[in-house]
Amino acid sequence: MSSRDLILGRVRRALADVPRDGTPPVPEQSGRDLRYEQAVDRSYLREHGARSLAETVDLLAENLADYRAVVHRATEEELPYVVMRLLAERGPQYVLVPPGLPPEWMSAADPTRVHDRAVSTPGELDKVTSVVTGCALAIAETGTIVLDGGPDQGRRRITLIPDHHICVVRVPGQVVASVPQAMERLDPTRPLTWISGPSATSDIELDRVEGVHGPRTLEVVLVGEV
Amino acid sequence: MSGTFVGMPAFPKAAHEAVNNPTLRGNLRHATHTIRTKRAKAVAEVSDWAELREAGKRIKDHTLRHLDGYLVRLEESVTAAGGVVHWAADAEEANRIVTELVRATGEREVVKVKSMATQEIGLNEALEAAGIHAYETDLAELIVQLGKDRPSHILVPAIHRNRGEIRDIFVREMGAWGRAAPEGLTDSPAELAEAARLHLREKFLRAKVGISGANFMVAETGTLVVVESEGNGRMCLTLPETLISVVGIEKIVPTWRDLEVFLQTLPRSSTAERMNPYTSMWTGTTDGDGPRAFHLVLLDNGRTDTLADEVGRQALRCIRCSACLNVCPVYERAGGHAYGSVYPGPIGAILSPQLRGTASEIDASLPYASSLCGACYEVCPVAIDIPEVLVHLRERIAQGGRATRDGNTVVLKPAKGHAAERAAMRAARWAFSHPGALGAGQRLASRTRRFHPRTLPGPGRAWSGTRDLPTVPAEPFREWWQRTRGGKDTTK
Ligand code: SF4
């Protein structure tokens, strides 16, 4: 007998006391299984508190900063200059940009570009000092940005190896209030990276240290107006 | 270092040693109290905590009641997304599968994300025996690995070490494993973290095989989820060419949407944050991004035996947040090592004897490593009634009864006159000789009524064995509980 059959058999015997009403309520991607909907009471909130759009964006900025991300705000016109300034502040740069980053974001800056090619090794990317990306969405209540590998975000490794990550969030379009609202908008077939502040650890006597393996500095630019 | 803690003394003996180690006790007390206070604040921020907790409980219960269906569904989804699913009935089989998968890549080293499932099966040791080096990449796990030590806490495994000890371990051991510690390394946490960053970076950048566990697996979509802080998880999950994830079969949730519940409750319960710094989610393989090969090893190793126990199966709801450790007066004094398992604290006291059976002295004594005060139940984000399961397991140890081992029904003999009972009695006396015992109040009285006086020594006898008392921290449990209501106090 295969281990698969062995384990499934053990599970079925273990559940002998559980009434079985026909097929298990396995949800399908198309449409929901009603019995599952009834088994789980979802009376928890879709959003904590009532806020205007502007207040939700403010909360995002506050929570990002609370977890030590550096937050900037800019209009569409100001954005290229903000990006230029943030890159210049870190001195001579090797900057990585994903293939689909809107070109105007980088129109004022003139760093040495590095491209993430299929053949480039992680070691080559280790030379990069900063990376500039967009995002899929941002969650105000938790201060989280979510990347889904879209053309303006690139592969997962490019936001991981460089020490400095500049992430542009369009407000209000890319901002959701809560985790439940985020789940509705995300596509599980894409690889997703949720980022809440820079890399951190509290492993040594619970003293928080920023930056162990991921970027030590996360700068979030909220671009647009509400 | 042994992942399975073979040959551990029973809980009371191990705990006795810990109680007499003031450094350890000081570290633990500081850690558990700090995390506990922060957690209460993080939980108070969400007004619907009770509803989230209830939803989490129901999602997990429902999943367990239909686990066969969801396992099959998960296998289909992962396969459709480009992954390969393997089934492992026990630790040995899981280790064999992983070893063969690594061998097939031709590699002799792997990088690992912190994972309790792989510790539970002793994977590092099995790989080492096959000539494959496994590098732990979580900072705390690195400290534990370099120190040839064992983890003592679910969330902060090296909490028993202070900064001076960590510095000494780094200076002494790093060179033998790869990049040596920098000259003149001090014991500042920032410098120690930097030393770990440099040491591990060379491993991440050349690694071809990564090994992980997972916090959740979504049956509907085949998505796996890893929650972490440092970025070592992201490194191991995305840079290697091959990714192997070893995950207990109980970690399934049915739908994508279910994650919205646990992504709210897990970070707040565990690190007391609104959200942990990094969460990675992947569904099979993605062209041009991340590993080209993904293997999922579904692990039983006693989980189906646990599922067969109608009272004890709720332990499989556990999402390993560690909140119960941080409120437990017994854990605070005894430390994680005393539990002789990768699962310490209250959850370990019910999970280990169910996963492994109660044949060994340590496993037979674990259900007694508690004052039954109920604080663990209060904080648990999936509402596992740990005291109920403890009492149930004590009854089984003392009175015998039916249990399931390796899928077969066995009838356990009453422990009377056996080593197990003696161990249990000693453990009970130990637990009751500590301040938690007599202050535990109503819950204790109602919980233990069923088996008084047969299996527990009376309070008088317990008090007579209190030779440890002078070295126990000053605040009695009863006072602590009244002051904080199990950590709900946010005034500190
Ligand atoms: S038993 Fe509950 S509180 Fe303890 S680790 Fe598991 S989920 Fe967390």
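These are my notebook entries on what I looked up in this structure, which is a predicted model.

**Chain A, overall form.** I began with the secondary structure of chain A and found six helices and 12 strands. I then looked up its extent, and the C-alpha trace of chain A spans about 65 × 45 × 45 Å along its principal axes. For the radius of gyration I noted 22 Å for chain A, whereas a compact globule of 226 residues would have a value near 17 Å.

**Chain A, burial and contacts.** Of the 226 residues in chain A, I found that 57% are buried. The surface that chain A exposes comes to about 9,500 Å², and carbon and sulfur atoms supply 51% of that area. Turning to contacts in chain A between residues at least 6 apart in sequence, I noted that 70% join residues at least 24 apart.

**Nonpolar cores.** I next looked up the largest nonpolar core, which has 146 residues, and those with the most contacts inside it are A:Trp194, B:Phe11, B:Phe170, B:Leu259 and B:Leu296. Helix α10 of chain B, residues 189–206, gives the most to this core, with seven residues. Apart from this core I found another, of 21 residues, and B:Ile97, B:Val102, B:Val209 and B:Leu299 are among them.

**Ligand surroundings.** Last, I asked which residues surround the ligand, and the list includes B:Cys318, B:Cys321, B:Cys324 and B:Cys380. Also in that list are B:Ile319, B:Arg320, B:Ser322, B:Ile347, B:Pro381, B:Val382, B:Ile384 and B:Ile386. Sorting the shell around the ligand by character, I noted 10 nonpolar residues, one polar and one charged.

Notes. Residues are numbered from 1 along each chain as its sequence is written. Chains are lettered from A and ligands numbered from 1 in the order in which they are written. This is a predicted model: local features need pLDDT of at least 70, side-chain atom pairs count only at pLDDT 80 or more; totals for chains, interfaces and linings use all residues. Side-chain values use heavy atoms; hydrogens and water are left out. A nonpolar core is a set of buried Ala, Val, Leu, Ile, Met, Phe, Trp, Tyr and Cys residues joined through side-chain atoms within 4.5 Å. Buried means under 20% relative accessible area, exposed over 50%, partly exposed in between (1.4 Å probe, protein chains only). Helices (H or I, at least four residues) and strands (E, at least two) are DSSP runs, numbered from the N terminus. A residue is near a molecule or strand if one of its heavy atoms lies within 4 Å of it. Ala, Val, Leu, Ile, Met, Phe, Trp, Tyr, Cys and Pro count as nonpolar, Asp, Glu, Lys and Arg as charged, and the others, Gly among them, as polar. The radius of gyration is taken over C-alpha atoms; the globule rule is 2.2 Å times the number of residues to the power 0.38. Contact means heavy atoms within 4.5 Å. Accessible areas come from the Shrake-Rupley method with a 1.4 Å probe; for residues, only the protein chains shown count as cover.
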